[in-house]
Amino acid sequence: MQPLSVLFPLVFVALIGFICARFNLFSNEHFVGLRQFFFNLAIPTLLFISMYQADLSRVLSATVMISFYGPVLTVYILCTSLLKIIKKTPLADSAIFALGCTYSNTVLVGLPIIITSLGAQYGALVFIIITFHSAMLFALTFFCATEHKNNLVKLLKPLFINPIVLSISCGLLANLLNIALPQPVQSALLLLAEPAIAGALFVLGASLVNYSIKHAWQPALLISLIKLIILPLAVYVTARWGFKLDTTLISVVTLMSASPLGVNAYLVTRQLNTQQAVMASSVALSTLLSIVTLSLWLTALVP
């Protein structure tokens, strides 16, 4: 499969969102409304119905989970430790740097690419893996910011009640309990979920207007290279030679880890009030560079 045929429609939709925001073709209120609709309703509906209809016997696998999370944790710990020990960087700043190197924008970038290139049936596998993604990495980062340890539960509580985690959990529970939803209800949910991917990409493109690369491009470039090349390479090696996974499963976990840095990582730096310029630059730069790196990964992974 040609990478251009996979990436061009996704990049095109995001570019339209960027243009609309850059030239004020929609007001801020319009974009706020769109974000609320897509992230609080359309995307959670997509996640719920996909998990409900998934064949869990094909996607529940400890080796797949370890193939993804093992390298993620390893890279996170290495980045934090090396900065702390070698460069004497404060632990909180080291942890934020590590977060930038490991936190993936899976829902908005990885998921559409995987569905387009490998098939919709692998969406459920993506959903299961990402259930713990934010909670684990954000918990580690907040814990390393020592002055926030006492507020760790308060800071992390929104992660466990956000629409993404709740929709995946409810869909998984309904599937495991074999709860029968009438076919008209399932069709209605699928209709509501239909604009989720395109809408999320549109909003992602629009959000890039708010992030600048010039203020901290050097650390942002290093974060982007680790995030887009080193991390997925570690996941690929672990999945292929460590656990000898099926070729398609290798592609899924590698493409997930090769997704650019997610915007939520920047929101964490705002909560911690440190390294905001670096993380904002990293979000923008990794998203732009991922067009190239994801093309290379698709060429290598998807026939």
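**Buried and exposed sites in a predicted helical model**

Threonine 80 is buried, since its relative accessible area is 8% and the cut-off for that term is under 20%. Before I go on, please note that this is a predicted model.

Threonine 80 belongs to helix 4. Setting aside residues up to four places away in sequence, threonine 80 touches Leu91, Ser94, Ala95 and Ala98. There is also a longer-range relation to mention: cysteine 144 is 64 residues from threonine 80 in sequence, yet the two C-alpha atoms are 9.3 Å apart in space.

A second threonine deserves a word here. Threonine 89 sits in the loop between helix 4 and helix 5, the latter spanning 91-102. Is threonine 89 buried or exposed? Its relative accessible area is 18%, and because the limit for buried is under 20%, threonine 89 counts as buried. Its contacts, again without residues up to four places away in sequence, are Leu83, Lys84 and Ser94. Ser94 therefore appears in the contact lists of both threonine 80 and threonine 89, by the contact criterion of heavy atoms within 4.5 Å.

I turn now to the interior. The largest nonpolar core has 93 residues, and Ile113, Ile129 and Leu255 have the most contacts inside it. Leaving out neighbours within four places in sequence, leucine 255 is in contact with Ile113, Ile114, Ser117, Leu118, Leu294, Trp297, Leu298 and Leu301.

Leucine 255 is one of the buried residues of helix 14. How many of the 11 residues of helix 14, residues 247-257, are buried? The count is 9, so this helix is largely enclosed by the rest of the structure. Among the buried ones are Leu249, Ile250, Val252, Val253 and Met256, together with Ser251, Thr254 and Ser257. Against which helices do they pack? The partners are helix 4 (62-86), helix 6 (106-118), helix 7 (123-130), helix 13 (217-242) and helix 16 (276-301). At the N-terminal end of helix 14, aspartate 246 acts as a cap, with a side-chain oxygen 2.9 Å from the backbone nitrogen of threonine 248.

Finally, the surface. A nonpolar patch is formed there by Leu4, Phe8, Phe12, Leu15, Ile16, Phe18, Ile19, Phe23, Leu25, Phe26 and Val209, and together they have about 1,000 Å² of accessible area. Phenylalanine 23, a member of this patch, lies in the loop between helix 1 (3-22) and helix 2 (28-53). Its relative accessibility is 57%, so phenylalanine 23 counts as exposed, the threshold being over 50%.

Notes
Residues numbered from 1 in each chain as written. Predicted model: local features only at pLDDT ≥ 70, side-chain atom pairs only at ≥ 80, totals over all residues. Heavy atoms only, no water. Patch = residues over 30% accessible without salt bridge, like charges linked within 9 Å, V, L, I, M, F, W, Y side chains within 5 Å. Areas by Shrake-Rupley, 256 points an atom, 1.4 Å probe, with all protein chains shown as cover. Salt bridge = Lys/Arg side-chain N within 4 Å of Asp/Glu carboxyl O. Helix = DSSP H or I, 4+ residues; strand = E, 2+ residues; numbered from the N terminus. Buried < 20%, exposed > 50% of the residue type's maximum accessible area, 1.4 Å probe, protein only. Core = buried A, V, L, I, M, F, W, Y, C linked by side-chain atoms within 4.5 Å. Polar contact = N/O pair within 3.5 Å; in protein donor to acceptor, adjacent residues only side chain to side chain.
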